[in-house]
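I opened the model today to look up its strands, one helix and its empty spaces. My entries are kept in the order I worked.

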Amino acid sequence: MTTPSPAADQSAPHAPLPLFEQDGNRFVPTRAGRGYWQEGTLNGSAVAALTGWVIERDFGEDGLIPVRFCVDMLRMAPSEPLEVTTEAIHDGHRLKLIEARIVCGGKLVTRATCQFIRATQQPENPIWSTPAWDVPHPDTLPTLHRFTRWDARPIPADHARIARHAPPGGDVAHGNVPVLGDISAPERRQVWLKPLGEIVAGHALSPFMRVVVTGDFASPLTHSSRFGIDFVNTDFTAYLHRLPQGEWLGYELTGHLSEAGVAVGECRLHDLAGPVGTINVAAAAQVRRKKA
């Protein structure tokens, strides 16, 4: 990875509102968590981040690596105070499996599971490993001001490791509103993200929380056309072999497949030290519900 230029001087956006404020056992959403697809709902990033925050609060500890974090977004969560319950499905010394649930109106809205594995000694025999990302340091790149909840710095297309070409055709009039801005062209879909703002007011982001609050971004990155986003993700699953280091996370589009309104996508996840893991997303075709 290219080292930063001493001349680079980027100004990051001001920190936005937290996604939630805590009121006893309930989490009250702010306007920062409002949904894209339907009025009066929360976005996927908000509910995913909240379940991950509660899981880490209740069960996280030094030496445990959240190797898999999976969020099932079963319904659009209403923009109202929420309660999150957690349960240890398996609570061993080496492996823990934790579940978090958000229930609204008697219906399960969001379910998340996190598998923790305890760190131990690395085997001595060498194994082929994913190579580091050969891209510019985020401090050398301009900020994309379109996004407000993170400092996003697109990586030039000539640093892509795989070829990503836009299919011909399409029409902006036939899709939902575009969300990616300057990185909408598939060949440009790799970006450094620095999360801004807290998930729960008064609590700084931990390394794991930087993943859970940005993981939903894998959906528009993998499932958008050049003209708009016509798929809503029903989940995302992050696989991590270690916790990320520092504030920056690198998202790299590595796969999209779709047919008959069903899609799956994949992103490679990086930090400044090297590869961290992958994020996979499933999605269904969706038309945005506009205000009456």
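The entries below concern a predicted model.

**Entry 1: the helix**

I began with helix H1, residues 44–59. I counted 16 residues in H1 and a reach of 22 Å from its first C-alpha to its last. The expected figure, at 1.5 Å a residue, is also given as 22 Å, and the helix comes out close to it. I then asked how many residues of H1 are buried. The count is 13 of the 16, so H1 is largely enclosed by the rest of the structure. At the start of H1 I looked at Asn43. A side-chain oxygen of Asn43 comes to within 3.2 Å of the backbone nitrogen of Ser45.

**Entry 2: strand pairing**

I took strand S6 next. Strand S5 (residues 95–104) and S6 run antiparallel and are joined by ten bridges. As a register mark I noted Ala100, which stands opposite Ala112 in S6. S5 and S6 form a hairpin, with two residues between them. In the turn, Gly105 has a positive phi of about 60°.

S6 also pairs with S3, in the antiparallel sense and over nine bridges. Here my mark was Ile65, opposite Ile117 in S6.

From S3, residues 64–73, I went on to S10. S3 and S10 pair over five bridges, again in the antiparallel sense. Asp72 stands opposite Asp235 in S10, so I wrote both names down for this pairing. Strand S13 (residues 274–285) is another partner of S10: four bridges join them, and they run antiparallel. In this pairing Ala238 stands opposite Ile279 in S13.

I then checked whether S10 is buried or exposed along its length. Five of the six residues of S10 (residues 235–240) are buried, so the strand is largely enclosed by the rest of the structure.

**Entry 3: the second largest pocket**

I looked up the volume of the second largest pocket, which is about 680 Å³. Its lining has 23 residues, and the closest to the centre of the pocket are Val67, Gln122, Leu240, His241 and Arg242.

Which strands supply the lining? S3, S6 (107–118), S10 and S13 each give at least two residues. The largest share, four residues, comes from S13. These are strands I had already followed in the pairing entry: S3 pairs with S6 and with S10, and S10 is joined to S13.

I sorted the lining by class. The second largest pocket has eleven nonpolar, eight polar and four charged lining residues.

**Entry 4: the cavity**

Rolling a probe the size of a water molecule over the atoms shows where empty space is left. I asked how many cavities of 30 Å³ or more the structure holds. The structure holds one. The largest cavity has a volume of about 40 Å³.

The residues lining the largest cavity are Arg149, Trp150, Pro195, Leu196, Gly197, Glu198, Ile199, Leu205, Val213 and Thr214. By class, I noted six nonpolar, two polar and two charged residues in this lining.

**Entry 5: S11 and S12**

I looked for residues with a positive phi other than glycine and noted Ala260, at a phi near 55°. Ala260 is in the loop between strand S11 (249–259) and strand S12 (262–271). Its relative accessibility is 78%, so Ala260 counts as exposed.

Within the two strands I followed one side-chain pair. His270 lies in S12, and Glu252 in S11. A polar contact of 2.9 Å joins their side chains. Are the two partners buried or exposed? His270 has 0% relative accessibility and therefore counts as buried. Glu252, at 2%, counts as buried as well; the cut-off is under 20%.

I also checked Glu252 against Gln190. The two are 62 residues apart along the chain, and their C-alpha atoms are separated by 4.3 Å.

**Entry 6: Glu187**

My last lookup was Glu187, in the loop between strand S7 (150–154) and strand S8 (190–195). At 34% relative accessibility, Glu187 counts as partly exposed. I took the C-alpha distance from Glu187 to His159, which is 9.7 Å. These two residues are 28 apart along the chain.

Note on methods. Residues are numbered from 1 along each chain as its sequence is written. This is a predicted model: local features need pLDDT of at least 70, side-chain atom pairs count only at pLDDT 80 or more; totals for chains, interfaces and linings use all residues. Side-chain values use heavy atoms; hydrogens and water are left out. The expected span of a helix is 1.5 Å times one less than its number of residues. Buried means under 20% relative accessible area, exposed over 50%, partly exposed in between (1.4 Å probe, protein chains only). A polar contact is a pair of N or O atoms within 3.5 Å; within protein, one must be able to donate a hydrogen and the other to accept it, and residues adjacent in sequence count only if both atoms are side-chain atoms. Two strands pair if DSSP finds at least two bridges between them. On a 1 Å grid over the protein atoms alone, a cavity is a set of points where a 1.4 Å probe fits but cannot get out, and a pocket is an open set with protein on both sides within 12 Å along at least five of seven lines; lining residues have an atom within 4 Å of a point. Grid points are joined across faces, edges and corners, and a volume is the space filled by probe spheres set on the points. Ala, Val, Leu, Ile, Met, Phe, Trp, Tyr, Cys and Pro count as nonpolar, Asp, Glu, Lys and Arg as charged, and the others, Gly among them, as polar.
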